[in-house]
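Here are some exercises to work through at your own pace. Try each task yourself before you read the solution.

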Amino acid sequence: MILDPKIPEGPLADKWKNHVDHGKLVNPANKRKYEIIIVGSGLAGASAAATLGELGYSVKCFSFHDSPRRAHSIAAQGGINAAKNYQNDGDSVYRLFYDTIKGGDYRSREANVHRLAEVSTNIIDQCVAQGVPFAREYGGTLSNRSFGGAQVSRTFYARGQTGQQLLLGAYSALSRQIGLGTVEMFCNQEMLELVVVNGEAKGIITRNVNTGEIQRHSAHAVVLGTGGYGNVFNLSTYARNSNATAAWRAHRKGATFANPCYTQIHPTCIPVSGDYQSKLTLMSESLRNDGRIWAPEKVGDKRPPNEIPEDERDYYLERKYPSFGNLAPRDISSRAAKEACDEGRGVGETGLGVYLDFSDAIKRLGEDTIRERYGNLFAIYKEITNESAYETPMRIYPAVHYTMGGLWVDYNLMSNLPGLFVMGEANFSDHGANRLGASALMQGLADGYFVLPNTLPHYLADVPREPAPSIDGPEFVAAEGEVMERTGKFLNNNGTKSVKSFHKRLGEIMWNYCGMARTKEGLEKAIELIQQLREEFWRDVRVPGEGKELNQALEQAGRVADFLELGELMCRDALAREESCGGHFRDEHQYPDGEAMRDDEAFAHVAAWEFKGENEVPERHVEPLDYEETKFTTRSYK
Amino acid sequence: MNVKLRVWRQKNNDTEGGFENYEAKDLNPNMSFLEMLDVVNENLTDDGSDPIAFAYDCREGICGTCSCMIDGKPHGPETGVATCQTYMRSFKDGDTITVEPFKAKAFPIVKDLVTDREAFDKIQQAGGFVSVRTGAAPDANAIPIGKDIADLAMDAAACIGCGACVAACKNSSAMLFVSAKAGQLNLLPQGQPEKDTRVLNMVASMDEAGFGNCTNQYECSAACPKLISEEFFSKLNRDYMKASVKTLFKAKAL
């Protein structure tokens with residue numbers, strides 16, 4: 001299989017403009033003849049549905065939530081990057097491009113990243129025009145803050161609820177189109193299968209989660225904006241219902257899955273407190289603007305933080321990375337926290353935690369300023385831990401937060417399966433092996449507002465202007481049959497163990513062997529354990545209730561079944577990538593000082609996996625990454 | 001700790017519902033209320049019974065999915081939090097806790113504790129937006145907005161669309177939701193051109209969905225997980241009056 005990224009000709013800075021200038025268009029009168037299915041209504045899905053509807057296409061948007069406003073984009077706290085240079089601190093499109101390439105540890109496509117940096121400025125304009133209440137200065141201009149991996153202030157924010165405000169902006173644009181009738185919204189509908197007709201994606205099978213009704217939907221193109229797969233780990237900062245089923249079903253139907261091993265472990269989350277825990281809560285990276293991270297210098301120092309004198313504290317990020325300090329990128333900060341805890345210097349009951357201390361900032365700026373900046377985050381921390389971070393340092397520990405891998409797409413966001421487009425976190429394209437903070441919102445909205453609406457017509461222009469395939473066609477009947485069979489299997493399995501118990505066990509395997517540090521032996525063991533667990537799942541899972549009603553256990557069963565396959569693929573990818581880069585750290589590949597050792601000779605490529613059948617070994621394909629503008633350097637934040 | 005639960009069970013909106021009793025044992029006070037329900041459901045599943053259906057997603061108080069009436073209060077005993085941010089330490093060992101769905105005519109029951117809040121989406125579709133084409137926006141700093149206005153708009157925009165305001169209101173009014181949504185956009189310069197149609201259409205849609213009238217008792221604001229202020233009512237009333245009078249006299253925008 002040849003994976004052609006279809007990168008346009010010309011100098012890097014002109015590629016996107018040339019592509020738009022010379023791309024094919026669809027006549028305004030013909031647009032409504034094209035039906036487009038968009039799965040997901042997060043930042044990418046909602047913004048794409050709104051924009052394509054506004055352009056005149058017939059859009060059908062699907063969400064398993066009860067309202068398009070609930071997607072997990074809503075939980076992003078800290079901000080969104082844009083190369084506006086409103087701070088006059090030397091920012092530019094090039095610098096945002098460069099920071100993103102370097103932050104991604106030279107494992108992303110230059111052309112995609114440059115385009116992302118270019119359109120970043122349009123996103124802020126668009127959101128402000130929609131009424132998104134970004135933070136402002138007294139003079140009325142927009143305010144910025146700093147984020148990890150950058151030495152400029154380019155992050156726009158709306159208190160600690162930036163994701164919510166951006167999603168509500170996209171939701172308002174989507175609502176307007178729904179009201180105008182250009183977008184038909186299908187809530188409570190979960191995509192359970194992709195329908196491929198003559199080698200092209202032409203429809204989906206959904207289940208109405210409230211009634212259990214299975215439906216067939218056809219279109220001229222299918223777009224997935226269904227988010228990432230971090231819930232493979234069970235415990236993560238993802239919403240409980242976030243899942244990979246749409247992407248995984250597409251993968252099984254022929255779409256290759258790229259770089260599944262690139263997972264982001266966020267350094268500042270509230271530590272796990274008990275066995276019953278259902279999710280981990282993030283404390284925004286923005287806290288690292290004013291908070292200082294430290295661990296006790298002595299092993300096993302169990303004194304309360306206030307009793308540990310200054311000279312017995314190890315501000316390890318400031319010590320190891322003096323030029324970026326507490327704002328070192330996420331992968332590096334997470335690994336440093338793990339090292340401190342592995343050395344026995346962790347804090348809290350479990351010893352899996354380090355301090356994020358605001359006492360210096362409170363002394364310097366006053367409690368009111370800190371409250372103004374982070375009040376809601378301190379409140380969340382208090383709710384969960386019952387501790388006040390104004391008085392005692394926060395305890396934090398890394399947690400799974402984002403997945404850089406995803407379905408492979410070309411420059412047009414089309415997968416190798418024609419007619420199937422993938423946006424946002426669900427694709428693999430822009431963040432390489434590590435995503436910088438405040439760049440997920442940027443990518444979701446870039447893809448939905450500005451990229452897809454300009455690239456989808458290139459495909460549609462060549463699609464005959466005939467009605468979308470009939471939902472009575474054999475491909476639709478067969479796909480529905482697969483869904484019915486799977487659902488029936490779950491409900492009639494008569495097993496003894498709950499879906500949740502399997503999810504938990506899978507999560508433990510993934511965290512232990514495919515988490516922050518990975519080894520050959522560990523990954524091989526994990527693959528074996530996952531295969532055993534999968535076999536046990538299908539033999540012994542118990543799904544109570546019926547199919548024709550709201551049945552949350554049945555929904556979870558389908559998702560966990562897919563995670564059990566995806567988890568294995570993640571381990572296979574991590575095993576094959578014999579280097580350390582970004583969010584993928586192999587113990588065997590490190591410098592003597594513990595920093596990640598890339599192998600640019602052998603691994604400066606995208607690994608895209610092709611599904612070969614149930615319980616078959618998937619095939620690894622390669623898309624080489626050519627760097628024209630940037631030179632490989634060892635990523636240093638020292 | 002141990003608690004007893006009285007939980008509303010209802011197969012769907014067409015059948016009668018009723019309370020069932022359950023026991024939740026050996027709980028950790030630092031568990032969230034929903035994690036406690038997870039544990040109860042695991043036990044029900046092990047016993048071969050039908051688990052309790054309840055709505056949840058982000059479990060960090062921002063998506064607005066969770067929606068339990070706990071001891072008669074939307075989202076439980078604490079102020080300024082959603083159900084998912086309610087922890088068992090807010091209850092005492094041995095307590096009996098009554099759990100119901102958000103009940104309102106405009107929110108039909110789907111199953112057990114899950115209700116359908118699509119009516120909120122309909123209100124948004126009627127006018128909860130600024131009509132701006134993608135790509136047609138001026139530079140973001142071309143519209144200066146005073147910090148006080150931006151902050152007020154953000155206060156209103158914090159609404160998570162959970163419906164606690166409606167559940168708390170004896171009339172099932174959606175006044176807090178609508179006033180926050182319309183207020184955010186009507187405060188900002190970007191929202192001015194459509195200010196009048198926005199309030200007229202959103203209020204009409206609210207009435208059509210079957211929400212009740214507001215009698216200014218502010219239970220909504222007290223129950224709101226984001227503590228959105230009832231002050232936005234007066235803004236909505238003012239905007240609505242102005243828009244109605246202008247429409248009545250077919251006034252030109254002179």
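## Exercise 1: where two chains meet

In this structure, 67 residues of chain B are in contact with 63 residues of chain A, where contact is defined by C-beta atoms, placed from the backbone, that lie within 7 Å. The model is a predicted one, in which local features need pLDDT of at least 70 and side-chain atom pairs count only at pLDDT 80 or more, while totals for chains, interfaces and linings use all residues. Residues are numbered from 1 along each chain as its sequence is written, and chains are lettered from A and ligands numbered from 1 in the order in which they are written.

**Task.** Find which element gives the most to the side of chain B that touches chain A.

**Solution.**
- Step 1. List the elements of chain B that each supply at least two residues to this side: α1 (33-46), β6 (109-111), α2 (118-127), α3 (147-157) and α5. Helices (H or I, at least four residues) and strands (E, at least two) are DSSP runs, numbered from the N terminus.
- Step 2. Pick the top contributor: α1(B), with seven residues.
- Step 3. Sort the residues of this side of chain B by class, which gives 30 nonpolar, 20 polar and 17 charged. Ala, Val, Leu, Ile, Met, Phe, Trp, Tyr, Cys and Pro count as nonpolar, Asp, Glu, Lys and Arg as charged, and the others, Gly among them, as polar.

## Exercise 2: an enclosed helix

**Task.** Explain why α2(B) is described as largely enclosed by the rest of the structure.

**Solution.**
- Step 1. Recall the cut-offs: a residue is buried if 20 or more other C-beta atoms lie within 10 Å of its own, exposed if 12 or fewer, and partly exposed in between, with C-beta atoms placed from the backbone.
- Step 2. Name the buried residues of α2(B): Ala119(B), Phe120(B), Asp121(B), Ile123(B), Gln124(B), Gln125(B), Ala126(B) and Gly127(B).
- Step 3. Draw the conclusion: eight of the ten residues of α2(B) are buried, so this helix is largely enclosed.
- Step 4. Look at the cover of these buried residues, which includes α6 (162-180) of chain A as well as α5 and α6 (195-208) of chain B.

## Exercise 3: two helices that cross

**Task.** Describe how α5(B) and α8(B) are placed relative to each other.

**Solution.**
- Step 1. Remember that two packed helices are described by the angle between their axes and the distance between the axes.
- Step 2. Read off both values: the axes of α5 (residues 175-187) and α8 (residues 231-248) of chain B come within 8 Å and cross at roughly 70°. Axes are lines fitted to C-alpha atoms, for helices over the stretch in contact, and angles run from 0 to 180 degrees between N-to-C directions.
- Step 3. Name the arrangement: α5(B) is therefore roughly perpendicular to α8(B). Angles of 65 to 115 degrees count as roughly perpendicular, under 35 as roughly parallel, over 145 as roughly antiparallel and the rest as oblique.
- Step 4. Find the residues that touch: among them are Met175(B) and Val178(B) of α5(B), and Phe232(B) and Leu236(B) of α8(B).
- Step 5. Classify the residues of the contact: seven are nonpolar, three polar and two charged.

## Exercise 4: strands and one residue

**Task.** Which strands pair with β1(B), and in which sense?

**Solution.**
- Step 1. Use the rule that two strands pair if DSSP finds at least two bridges between them.
- Step 2. Start with β2(B): strands β1 (residues 3-9) and β2 (residues 18-24) of chain B are antiparallel, with seven bridges. Here Val3(B) stands opposite Ala24(B).
- Step 3. Go on to β5 (residues 96-101) of chain B, which runs parallel to β1(B) and is joined to it by four bridges. Val7(B) has Val99(B) as its bridge partner in β5(B).

**Task.** Is Asn21(B) buried or exposed?

**Solution.**
- Step 1. Place the residue: Asn21(B) belongs to β2(B).
- Step 2. Count: Asn21(B) has 9 C-beta neighbours inside 10 Å, so it counts as exposed.
- Step 3. List its contacts, leaving aside neighbours within four places in sequence: Lys4(B), Leu5(B) and Arg6(B).

## Exercise 5: domains of chain B

**Task.** How many residues does each domain of chain B give to the contact between them?

**Solution.**
- Step 1. Note the bounds, domain 1 (3-111) and domain 2 (118-248), which come from an automatic or database domain assignment.
- Step 2. Give the spacing: their C-alpha centres lie 29 Å apart.
- Step 3. State the result: domain 1 of chain B gives 19 residues and domain 2 of chain B gives 17 residues.

Key: Contact = placed C-beta atoms within 7 Å.
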